[in-house]
Every structure is written in C-alpha cells, then in structure tokens.
Amino acid sequence: MSNFPTGVTVITSALEDGEPQGLTCSSMTSVTLSPPTLLVCLDTNSVTMAVAARRGAFAVNLLHARAAGTARLFATRNVDRFAQVRWQRTQHSGLPWLVDDALAVAECELVDVQVVGTHAVLFGQVEAITLFDEAPLLYGRRTFASWPREEE
Ligand SMILES: Cc1cc2nc3c(=O)[nH]c(=O)nc-3n(C[C@H](O)[C@H](O)[C@H](O)COP(=O)(O)O)c2cc1C
C-alpha cells in the first residue's frame with residue numbers, strides 16, 4: 001500500500017465543550033457526490049474514533065504542502081497535539097479546525113460505521129466545506145511530498 005500515494009488529513013472531533021481529539025489519516029476516500037459522502041478508516045483503539053462515534057460527527061482537515069510537521073505531530077503518541085498547533089472550532093458544527101495547516105475542512109455527520117478487523121470504516125456525510133487555494137500534502141513510500149508547481 002505504501003506504493004499507492006495519497007493526500008494527508010487530520011481527522012478531528014470533540015464532544016460539546018470537550019477536549020479536541022485528532023489523528024493523522026491517509027485512508028480518506030470520496031464515496032459519492034449524492035449525498036456528498038466520504039469515508040475514513042480509523043483504528044478501533046483510537047480515542048478520536050471513540051469521540052467521533054459518541055459525537056456523531058467528525059471533521060476532515062485536508063493538509064497543505066507545508067503541513068508535514070503537523071502530519072507527524074498528529075501521528076505521535078503521548079504529546080499534547082493541540083497545544084502545538086493553532087486551532088479553533090468551526091462555525092457550522094464546532095469541530096476542531098487546524099487553522100494554519102488545512103487547505104480544506106469538511107465537516108461531516110457520521111452516518112454509518114463498519115468494523116473490519118482492527119479498523120472501523122466511518123462514513124461521513126459532508127455538511128459544510130471550507131476551502132483555501134493551497135497545494136496538497138502528499139504521502140507515499142513512507143515519505144511526505146508536495147504537489148509539483150504548475151507550469152506558468
Ligand atoms: C501519513 C500517515 C497516515 C496515517 N493514516 C492512518 C489511517 O488512515 N488510519 C489510522 O487509524 N491511523 C493512521 N495513521 C496512524 C495514526 O496517525 C497514529 O497511529 C496516531 O498516533 C493515532 O492517534 P490516536 O492513538 O490518538 O488515535 C497514519 C499515520 C501517518 C503518519
């Protein structure tokens with residue numbers, strides 16, 4: 001699978017007024033446009049997964065090319081991840097938005113969960129999108145990369 005390059009996201013969630021949770025996730029896939037639906041595959045031991053299931057919602061922070069450090073941070077155990085980034089709650093649903101690192105944020109209602117072995121597939125119906133004009137961060141062969149600059 002490491003030879004299949006992807007974009008990189010940080011999936012976040014939080015209970016109402018609760019601590020933000022989030023983890024780096026490359027298993028994000030578009031499912032269908034009607035209704036607008038995506039999926040992410042999260043380890044069933046993940047705290048973010050548990051909070052998203054309780055809250056019934058999660059946000060997909062699609063990382064831009066300058067956010068490789070944040071991708072590493074949100075894959076590191078035993079650190080206060082949110083203390084090291086600028087974040088705020090989104091207007092639509094109050095989910096954690098990584099202000100300096102996301103080129104897009106998709107706020108999703110959790111509409112289905114399917115557990116397969118060690119991971120749970122979370123289906124999210126996209127309720128709101130915030131989009132900025134930035135190039136995406138890429139990941140493959142255990143390396144981060146940036147999208148090549150477009151020819152003038
Ligand atoms: C580039 C990259 C992609 C990752 N993709 C996923 C993923 O799709 N699903 C997953 O459960 N973990 C994924 N991980 C691993 C988690 O980010 C990592 O295990 C993290 O520590 C989990 O946090 P948690 O224990 O707080 O849930 C990925 C890590 C990296 C660096």
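1. Sixteen residues are not listed in full here; of the 16 around the ligand, Thr24, Ser27, Cys41, Asp43 and Ser46 come nearest (a residue is near if one of its heavy atoms lies within 4 Å of the molecule). The model is predicted, with local features needing pLDDT of at least 70 and side-chain atom pairs counting only at pLDDT 80 or more, while totals for chains, interfaces and linings use all residues. Residues are numbered from 1 along each chain as its sequence is written, and side-chain values use heavy atoms, leaving out hydrogens and water.

2. Polar contacts (pairs of N or O atoms within 3.5 Å) link the ligand to the protein. A backbone N or O atom of Thr24 lies 2.8 Å from a ligand oxygen atom, and a side-chain N or O atom of Ser46 is 2.8 Å from an oxygen atom of the ligand. For Arg77, a polar side-chain atom lies 3.3 Å from a ligand oxygen.

3. On its own the ligand has 640 Å² of accessible area (Shrake-Rupley method, 1.4 Å probe), of which the protein covers 79%. Strands E3 (21-25) and E5 (36-43) are the elements giving two or more residues to the shell (strands are DSSP runs of at least two residues, helices of at least four).

4. The largest nonpolar core (buried residues, under 20% relative accessible area, joined through side-chain atoms within 4.5 Å) has 16 residues, of which Ile11, Leu38, Val40, Leu42, Phe58 and Leu122 touch the most other members. Two or more residues each come from E3, E5, helix H1 (47-55) and strands E6 (57-63), E9 (102-116) and E10 (119-131).

5. A second, separate core has 12 residues, including Ala71, Leu73, Val85 and Leu137.

Definitions and conventions:
A polar contact is a pair of N or O atoms within 3.5 Å; within protein, one must be able to donate a hydrogen and the other to accept it, and residues adjacent in sequence count only if both atoms are side-chain atoms. Buried means under 20% relative accessible area, exposed over 50%, partly exposed in between (1.4 Å probe, protein chains only).
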